[in-house]
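Please follow the chain below from one helix contact to the next, with the sequence and the structure side by side. The walk begins with a pair of helices and then widens to the chain as a whole.

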Amino acid sequence: MTAADAINELWPSREPDAGTAQPLRANTTTLHQHTGQHLWTVADAAHPVLFRTGSSLGNTGLVAAARDYFHHLHTTATHHLGPDHPDTLGTRHNLALGRRGARWPPTRPGLRAAP
């Protein structure tokens with residue numbers, strides 16, 4: 001958890017282009033691949049950095065990549081948290097935005113998105 005917390009702390013509040021947060025997205029992806037369920041046990045929820053990574057993709061115009069990311073995150077959330085958990089539903093909402101090519105960031109109240 002310390003590594004995920006550190007990545008989240010380092011993330012800039014504004015990303016002027018797709019490359020600014022690329023190292024943070026890459027590190028989050030690697031961390032997620034190597035830690036398995038550990039990023040999914042924070043008070044029975046997903047670690048916020050997982051949502052921030054997908055939102056970062058969408059915020060910087062990489063909508064197709066955000067859609068693919070949230071598709072994978074939705075599958076993983078369903079496995080770890082169940083289909084009706086708020087974080088699973090949040091991934092589904094973000095996935096729908098990506099499929100529509102909608103404007104990012106997601107703005108629904110309570111939905112996890114990058115600040």
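In this predicted model, the axes of H1 and H2 come within 10 Å of one another and cross at roughly 165 degrees. Because angles over 145 degrees count as roughly antiparallel, H1 is described as roughly antiparallel to H2. The crossing in which H1 passes H2 is left-handed. On the H1 side the contact is formed by Ala3, Ala4, Ile7 and Leu10, which meet Leu24, Asn27, Thr28 and Leu31 of H2. Sorted by class, the residues of this contact comprise six nonpolar and two polar, with no charged residue among them.

One of the H1 residues in that contact, Leu10, belongs to the helix that spans residues 2-10. With a relative accessible area of 63%, Leu10 counts as exposed, because the cut-off for that class is over 50%. Leu10 and Ala21 are eleven residues apart in sequence, while their C-alpha atoms lie 9.5 Å apart in space.

H1 also meets H3, and here the axes come within 9 Å and cross at roughly 40 degrees. That angle makes H1 oblique to H3, and the crossing of H1 past H3 is left-handed. Ala4, Ile7 and Asn8 of H1 make this contact with Pro48, Val49 and Arg52 of H3. By class, the contact of H1 with H3 has four nonpolar residues, one polar residue and one charged residue. Ala4 and Ile7 thus appear in the contact with H3 and also in the contact with H2.

These contacts belong to a chain that has five helices and zero strands, its elements running α-α-α-α-α from the N terminus on. Of its 115 residues, 43% count as buried. Among the contacts in the chain with a separation of 6 or more, residues 24 or more positions apart account for 58%.

A buried position in H2 gives a local view of such packing. His32 lies in helix H2 and, at 13% relative accessibility, counts as buried, because that value falls under the 20% cut-off. When its neighbours within four places in sequence are left aside, His32 is in contact with Leu39, Trp40, Leu50, Leu73 and Thr76. Of these partners, Leu73 and Thr76 are among the buried residues of H4.

H4 itself covers residues 63-81, and its 19 residues reach 25 Å from the first C-alpha to the last, close to the 27 Å expected at 1.5 Å a residue. Its buried residues are Val63, Ala66, Tyr69, Phe70, Leu73, His74, Thr76, Ala77 and Leu81, and they pack against helix H2 (22-35), helix H3 (48-59) and helix H5 (86-100). After H4 comes Gly82, whose phi is positive, near 95 degrees.

H5 has 15 residues and reaches 21 Å between its first and last C-alpha atoms, close to the 21 Å expected at 1.5 Å a residue. The buried residues of this helix are Asp87, Thr88, Gly90, Thr91, Asn94, Leu95, Leu97 and Gly98, and they pack against H3 and H4.

How, then, do the axes of H4 and H5 cross? They come within 8 Å and cross at roughly 155 degrees, which means that H4 is roughly antiparallel to H5. H4 passes H5 in a left-handed crossing. From H4, the residues Val63, Arg67, Phe70, His71, Leu73, His74, Ala77, Thr78 and Leu81 meet Asp87, Thr88, Thr91, Arg92, Asn94, Leu95, Gly98 and Arg99 of H5. The residues of the contact of H4 with H5 divide into six nonpolar, seven polar and four charged, whereas the contact of H1 with H2 includes no charged residue.

Within this last contact, Thr88 may be examined on its own. It is found in helix H5, and Thr88 is buried because its relative accessible area of 1% lies under the 20% cut-off. The C-alpha atoms of Thr88 and Thr78 are separated by 5.9 Å, although the two residues are ten apart along the chain. Not counting residues up to four places away in sequence, Thr88 touches His74, Ala77, Thr78, Leu81, Gly82 and Pro83. These partners include Gly82, the residue of positive phi that follows H4.

Conventions: Residues are numbered from 1 along each chain as its sequence is written. This is a predicted model: local features need pLDDT of at least 70, side-chain atom pairs count only at pLDDT 80 or more; totals for chains, interfaces and linings use all residues. Side-chain values use heavy atoms; hydrogens and water are left out. Helices (H or I, at least four residues) and strands (E, at least two) are DSSP runs, numbered from the N terminus. Buried means under 20% relative accessible area, exposed over 50%, partly exposed in between (1.4 Å probe, protein chains only). The expected span of a helix is 1.5 Å times one less than its number of residues. Contact means heavy atoms within 4.5 Å. Axes are lines fitted to C-alpha atoms, for helices over the stretch in contact, and angles run from 0 to 180 degrees between N-to-C directions. Angles under 35 degrees count as roughly parallel, over 145 as roughly antiparallel, 65 to 115 as roughly perpendicular and the rest as oblique. A crossing is left-handed if the near helix is turned anticlockwise from the far one by less than a right angle, and right-handed if clockwise. Ala, Val, Leu, Ile, Met, Phe, Trp, Tyr, Cys and Pro count as nonpolar, Asp, Glu, Lys and Arg as charged, and the others, Gly among them, as polar.
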